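Subject: Structure for you to look at

Dear colleague,

I am handing over the structure below, and after it you will find some notes on what turned up in it. Please keep the model open beside the text while you read.

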Amino acid sequence: MVHRETMLPYLLLLLLAHAGWVTTADLENYSLVKNIFILAGQSNISGRGGVINHSLRPGFVNESWDGVIPRECESNPSILRLSGGLKWVEAHEPLHKDIDVNNTCGIGPGMPFANTVLKKDPSIGVIWLVPCAVGGTSITEWAPGGFLYKNMIKRTKAATRGGGKIRALLWFQGESDAKTLEDAKMYKVRLERFFKHVRHDLELPNLTVIQVGIATALGPYMELVREAQREINIGNLKYVDAKGLQIGPDYTHLTTAAQIQLGQMLADAFLRPN
């Protein structure tokens, strides 16, 4: 006999494989398999792997994505994403294309993260990704009450309609806060405030936060920001360090290979017991 608990995920995967997309309302009866992950921060979590600047003039940008999707980043009917229009669709690269709309998006850590989690824990069910990152943004632009913050909370609450569990916030940001000494010195206070407000507004006081230590910076104070990241003092926070991963020719963004590594590191951090 096939139990109902076994059939629900199977029917959902069958639906997604044949239909290609579904709305949140369509999936209200499948809340038992909803593992929701928020992706937020700036360009290195939005994804710039495979993005090429064709301009030969310093300071000018003429970017395109090479379209190469490695095996670790391939679509899977067990991985969904919340679109810019708040509809659940089968996830595919670039994950942030309709979110980080003013930039050229490429490979990020989201898909390799989800594929690695599924590979290492096949019983987890379906992974639901909520992309919210926007390139070039500082921590003050993510302050509670601001547009980016309110949009992230709105999208996350929309993701939980019909049930499901928010499993973690994946956060990669700080490069922009290395521009000035004042911002670098204030980073720890501002980031702790951000995390605390997210937990309060989502009514999840113990929400897992997986923070990525920056590997590059848009200013001279990277080590001050990295020090602040390592010193964040809140419970249930995990730290993954991107320093040492391969950086692209712009000296700012992780390459596709590095994004795959980062996604796998994030998956290992999530699966690792507290």
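Rings of Phe, Tyr and Trp, the last taken by its six-membered ring, are said to pair if their centres lie within 6.5 Å, and a pair counts as edge-to-face if the planes are over 60 degrees apart. By this rule the model, which is a predicted one, has 10 aromatic pairs.

Phe37 and Phe270 are one such pair, with 5.0 Å from centre to centre and 85 degrees between the planes, and the pair is edge-to-face. It joins distant parts of the chain, since Phe37 belongs to strand E1 (residues 34-41) and Phe270 to helix H7 (residues 256-271), with their positions 233 residues apart. Are these two residues, Phe37 and Phe270, buried or exposed? Both Phe37 and Phe270 are buried, and for Phe270 this follows because its relative accessibility is 12%, where buried means under 20%.

Phe270 also pairs with Phe113: their ring centres are 6.3 Å apart and their planes stand at 70 degrees, so this pair, too, is edge-to-face. Phe113 lies in helix H3 (residues 110-120) and Phe270 in helix H7, so the pair ties together parts of the chain that are 157 residues apart in sequence. Phe113 has a relative accessibility of 0% and therefore counts as buried.

Elsewhere, Trp142, Tyr149, Trp171, Phe194 and Phe195 form one aromatic cluster. At another ring, that of Trp128, Lys34 lies over the face, at 4.9 Å from the ring centre.

Next come two helices. The axes of helix H5 (residues 181-201) and helix H6 (residues 222-230) come within 8 Å of each other and cross at roughly 10 degrees. Because angles under 35 degrees count as roughly parallel, H5 is roughly parallel to H6. On the side of H5 the contact is made by Leu181, Ala184, Tyr187 and Lys188, and on the side of H6 by Leu224, Val225, Ala228 and Gln229. Sorted by class, this contact of H5 with H6 has 6 nonpolar residues, 1 polar residue and 1 charged residue.

Finally, for the protein chain as a whole, the secondary structure comes to 7 helices and 9 strands. Of its 274 residues, 51% are buried. Among the contacts with a separation of 6 or more, 74% are between residues 24 or more positions apart.

With best wishes

How values were computed:
Residues are numbered from 1 along each chain as its sequence is written. This is a predicted model: local features need pLDDT of at least 70, side-chain atom pairs count only at pLDDT 80 or more; totals for chains, interfaces and linings use all residues. Side-chain values use heavy atoms; hydrogens and water are left out. Axes are lines fitted to C-alpha atoms, for helices over the stretch in contact, and angles run from 0 to 180 degrees between N-to-C directions. Helices (H or I, at least four residues) and strands (E, at least two) are DSSP runs, numbered from the N terminus. Angles under 35 degrees count as roughly parallel, over 145 as roughly antiparallel, 65 to 115 as roughly perpendicular and the rest as oblique. Contact means heavy atoms within 4.5 Å. Ala, Val, Leu, Ile, Met, Phe, Trp, Tyr, Cys and Pro count as nonpolar, Asp, Glu, Lys and Arg as charged, and the others, Gly among them, as polar. Rings of Phe, Tyr and Trp (its six-membered ring) pair if their centres lie within 6.5 Å; planes under 30 degrees apart count as stacked, over 60 as edge-to-face and the rest as tilted. Buried means under 20% relative accessible area, exposed over 50%, partly exposed in between (1.4 Å probe, protein chains only). A charge sits over a ring if NZ of Lys or CZ of Arg is within 6 Å of the ring centre and within 35 degrees of the ring normal.
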